[in-house]
Amino acid sequence: MATSVNGSKSGHWKRKELWFLVIYAIVFYVIIITRSLQLSRDHYKQLSGLRLGWVIPHHLNDVSDAQWRNFRGNIPVLTLVFGIFTLLASLMRAFFSLRATGNFVLVKIFAQKEYFPLVVWSYNILFLLCNRIYEGYSFSVFGQQWAFLENYRGSFRWHICFNFVVLRMISFGFDFHWTNQDSHFDQEKHYQRCHICKSGKSCYQVLQERSLHNDKFGYITYLCYLVYAPLYIAGPILSFNAFASQLDVPQNTNSVRNVTLNGFRWILNLLLMELMTHLFYYNAFANSGLWKHLSPMDVFIIGYGVLNFMWLKFLLIWRFFRFWSLINGIEAPENMPKCINNCHNLEGFWKNWHASFNKWLVRYIYIPLGGSKKKLLNVWVIFTFVAIWHDLEWKLLSWAWLTCLFFIPELVLKSAAKAFQAQSSFGECIFRELSAVAGAVTITCLMVANLVGFVIGPRGINWLLSSFLHKEVLGVSNPVQNNVLDLEVAVTLS
């Protein structure tokens, strides 16, 4: 009887809480949308990067973001290459065998040695650093007679995309190294929990964790993996095991119907982006500096809009290339499995922003270093590597180490929360609200770390602290308010 009464009270509080959250969300988004439309109408003449639109008559389109502008403008060319590549790949799969002889020298020589991890990591990190230090190298290195070619380097910076190639080189090495070793992967336990594997198909995790025969690690397959066209420019990132497993037997997790629906959803997302950039000029505000003269509330609205614009931009870029890969029978992880507005802590954010990179880091760094047993130590190694992988700058290292510092209280609070048990329905409600407040604090910490890493640099930390502690911190003229938008934009850059 007591259990029934407690359940009734719990349901009562949850219904009240749900209604409160629904009303709050409606009011919040009505205010955001209404004010965003007003700001765009009032200030469009002062913004740069706007072009004549096509979705809504007499409306301008915000194409001020260079990355989005280039991708959007090259969609027809990419689609043409998409079609040609798919046709050729289908013909090769039908008439030729992809199996080949030949070995990757470094991996083949040292794979069975105890010091193999040190060799692979040293080689690839050195390669990564040299690429960035020399900015892709110059033709004059091969002789002054080739120096004239510096004028014909093109607009595509190969050494930027080569960051992804380095991840693939490391993946190939370790997947071969682990071929004849016992796996930590509990296949039976996984099959019991995975609905995909229960249906007789192979999910991505099984493809990644299942050891391959040595003849799969041939030189031609290795080269195909490094320069696989659909995923070469931007990913998503997939392991060598997962790639090679799908060459002879194309992925069967996604049916033709599901792949078609993925393409249809991508088109709808593209239309949503076009509608958004026709109505709300968030990125143009960020680039123009006009936001400095707006109220704090308007600055927040623009910053929030920029975050959502960045999320949708990367979703479209990554899903385009993932769809291309799926069409060709290779499944890659989804990079944006959750909307940015549903990420309320640091751990959740990093699991759902560039998720394929997160899976790579877990497999090749986190687990080999001890996994959850050494979690507080592992995050320092992982984020240091992520900073170096992005670029060779002290700002990025400061971003990485600040993020690690902010991770510590979150992990401690999570451990404490697991041991806490609310004694009443009201207590459960209060606990959820306190969790929401804690989530807001941790996301703010994430934004501060990105502000330091991508805007003001480590030298600006003292200024940032003094500005927050200044007696005029709540005043409209406070310089902190002039950097709120930079702070909110910076969270997307990592």
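**Exercise 1.** In this predicted model, decide whether aspartate 65 is buried or exposed.

*Solution.* The relative accessible area of aspartate 65 is 10%, and buried means under 20%, so aspartate 65 counts as buried. The next step is to look for a partner of this residue. The side chain of aspartate 65 meets that of lysine 313 in a salt bridge, with 3.2 Å from N to O. This pair links distant parts of the chain, since aspartate 65 is in the loop between strand S2 (60-62) and helix H2 (66-73), while lysine 313 is in helix H15 (residues 296-327), 248 residues apart. Lysine 313 has a relative accessible area of 3% and is therefore buried as well. Finally, the charged end of lysine 313 sits over the ring of phenylalanine 314, 4.6 Å from the centre of that ring.

**Exercise 2.** Find which residue forms a salt bridge with arginine 363, and work out why the pair ties together separate parts of the sequence.

*Solution.* The partner is aspartate 175, and the closest N and O atoms are 2.9 Å apart. Arginine 363 lies in helix H17 (residues 355-366) and aspartate 175 in helix H6, so the salt bridge ties together parts that are 188 residues apart in sequence. Both arginine 363 and aspartate 175 are buried. The pair also belongs to a network of salt bridges that links Asp175, Glu209 and Arg363. In the whole structure, a search finds nine salt bridges.

**Exercise 3.** Classify the ring pair of phenylalanine 172 and tyrosine 222 by the angle of the planes, and state where in the chain the two residues lie.

*Solution.* A pair of aromatic rings is described by the distance of the centres and the angle of the planes. Here the centres are 4.5 Å apart and the planes are at 55 degrees; planes under 30 degrees apart count as stacked and those over 60 as edge-to-face, so this pair is tilted. Phenylalanine 172 is in helix H6 (residues 158-177) and tyrosine 222 in helix H10 (residues 219-226), and the pair links parts of the chain 50 residues apart. Phenylalanine 172 is buried, with a relative accessible area of 0%, and tyrosine 222 is buried too, at 4%.

A second pair can be treated in the same way. The ring centres of tyrosine 225 and phenylalanine 243 are 5.4 Å apart and the planes are at 45 degrees, so this pair is tilted. Tyrosine 225 is in helix H10 and phenylalanine 243 in helix H12 (residues 240-248), 18 residues apart.

Definitions and conventions:
Residues are numbered from 1 along each chain as its sequence is written. This is a predicted model: local features need pLDDT of at least 70, side-chain atom pairs count only at pLDDT 80 or more; totals for chains, interfaces and linings use all residues. Side-chain values use heavy atoms; hydrogens and water are left out. Rings of Phe, Tyr and Trp (its six-membered ring) pair if their centres lie within 6.5 Å; planes under 30 degrees apart count as stacked, over 60 as edge-to-face and the rest as tilted. Helices (H or I, at least four residues) and strands (E, at least two) are DSSP runs, numbered from the N terminus. Buried means under 20% relative accessible area, exposed over 50%, partly exposed in between (1.4 Å probe, protein chains only). A charge sits over a ring if NZ of Lys or CZ of Arg is within 6 Å of the ring centre and within 35 degrees of the ring normal. A salt bridge is a side-chain nitrogen of Lys or Arg within 4 Å of a carboxyl oxygen of Asp or Glu.
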